[in-house]
Amino acid sequence: NLEPGANHHPMPLLAVLAGATVALTWGWHGFGLMLLVAFDACLRPSDFLPLRRRDFKLPSDLASDDMEAYVVLMNAKTRKRSARRQQAQLRDPVLIPALEVFLANLSPDDFVFVAGADQKKAARQFRLAFDAVFSELGFACNDVAGLVPASLRAGGITHVFRETQDIPSTRWRGRWDDVKSLEHYLQEMAAAELLSTLAPPARARVRRLASLAPRLVREVSRRP
């Protein structure tokens, strides 16, 4: 189950960067970039697994020189309570050029995640890859004391609030309906820090691998 009802441990920024490094080093470019997209745009697994090329609005699509991009969510979880068609913002200036290159040869209807047409298969494949990458980094991969795919959204929302200290901005980035529930959520998430559960050598390794992520993502953006 990718999205059980309870709150999930937030993915620390260093963990998602280290995970992207491992994935890109293993040649899992699509998976590595999807980790970064899900974190930056605060996406649920049910948001990012079915994404097609047409759902990404990159600077080249918008005829814009600004380093901003959007992901259009046609079937967002909150569509019955708010806008049916929602958009999530991408702001990572290293990630966006890499997406321009990675998505360049896809047709509008192509799924970004290879098995996207079969959602159950896509979920299984993503979970297997997720567990492989984050187990390699020393994290438990479960919803009791570790990381799960839904931790990407939890981590992204927590990171936005820590960067901005602004509830309205965090609510907009996370497409959150109720302010009170968001405030309660952020208070719970602030107390969760999974890096502290790793042994010191594992923490040091995560930090070192995280520092390599920007260079590896830039290499994707330079591919012919």
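## A walk from Phe56 outwards

Start by selecting Phe56: leaving out residues up to four places away in sequence, its contacts are Val37, Leu51, Asp61, Tyr70, Val71, Leu90, Leu99, Leu103 and Val112. Keep in mind as you click around that this is a predicted model.

Now widen the selection to the core that Phe56 belongs to. The largest nonpolar core has 59 residues, and the members that touch the most others are Phe56, Leu90, Phe126, Phe134, Phe139 and Leu152. Colour by element and you'll see who supplies this core with two or more residues each: H1, H2 (29–40), S2 (69–73), S3 (86–90), H5 (95–102), H6 and H10 (200–221). There is also a second, separate core of 5 residues; to find it, pick Ile157, Val160, Trp176 and Leu182, which are among its members.

Zoom out for a moment and switch to cartoon. You should be looking at 10 helices and 3 strands, running α-α-α-β-α-β-β-α-α-α-α-α-α along the sequence. Of the chain's 224 residues, 47% count as buried. If you draw a contact map, take the contacts between residues at least 6 apart in sequence: 68% of them join residues at least 24 apart.

Next stop, the aromatics. The structure holds 7 aromatic pairs. Show Phe48 and Phe126 as sticks: their ring centres are 5.0 Å apart and the planes sit at 50°, so this pair is tilted. Phe48 belongs to helix H3 (residues 45–48) and Phe126 to helix H6, so the pair ties together parts 78 residues apart in sequence. Both of these residues are buried. Then add Trp26, Trp28, Phe31, Phe130, Phe134 and Phe139 to the selection; with Phe48 and Phe126 they form one aromatic cluster.

Since H6 is already on screen, bring in H1 as well. Helix H1 (residues 13–25) and helix H6 (residues 119–136) have axes that come within 9 Å and cross at roughly 110°. The two helices are therefore roughly perpendicular to each other. To see the contact itself, select Ala15, Gly19, Val22 and Ala23 on the H1 side, and Val133, Phe134 and Glu136 on the H6 side. Colour that set by class and you get 5 nonpolar residues, 1 polar and 1 charged.

Stay with H1 and look for Leu209. What does Leu209 touch, once residues up to four places away in sequence are set aside? Leu17, Ala18, Thr21, Val22 and Leu137. Leu209 itself sits in helix H10. Its relative accessibility is 10%, so Leu209 counts as buried, the cut-off being under 20%. Put a distance label between the C-alpha atoms of Leu209 and Leu137: it should read 9.3 Å, for two residues 72 apart along the chain.

Last stop: Ser151, in helix H7 (residues 151–164). Is Ser151 buried or exposed? Switch on a surface and check: Ser151 is buried, with a relative accessible area of 0%. Show what surrounds it and, leaving aside neighbours within four places in sequence, you'll find Ser151 in contact with His8, His9, Pro10, Met11 and Gly146.

Terms used
Residues are numbered from 1 along each chain as its sequence is written. This is a predicted model: local features need pLDDT of at least 70, side-chain atom pairs count only at pLDDT 80 or more; totals for chains, interfaces and linings use all residues. Side-chain values use heavy atoms; hydrogens and water are left out. Axes are lines fitted to C-alpha atoms, for helices over the stretch in contact, and angles run from 0 to 180 degrees between N-to-C directions. Helices (H or I, at least four residues) and strands (E, at least two) are DSSP runs, numbered from the N terminus. Angles under 35 degrees count as roughly parallel, over 145 as roughly antiparallel, 65 to 115 as roughly perpendicular and the rest as oblique. Contact means heavy atoms within 4.5 Å. Ala, Val, Leu, Ile, Met, Phe, Trp, Tyr, Cys and Pro count as nonpolar, Asp, Glu, Lys and Arg as charged, and the others, Gly among them, as polar. Buried means under 20% relative accessible area, exposed over 50%, partly exposed in between (1.4 Å probe, protein chains only). A nonpolar core is a set of buried Ala, Val, Leu, Ile, Met, Phe, Trp, Tyr and Cys residues joined through side-chain atoms within 4.5 Å. Rings of Phe, Tyr and Trp (its six-membered ring) pair if their centres lie within 6.5 Å; planes under 30 degrees apart count as stacked, over 60 as edge-to-face and the rest as tilted.
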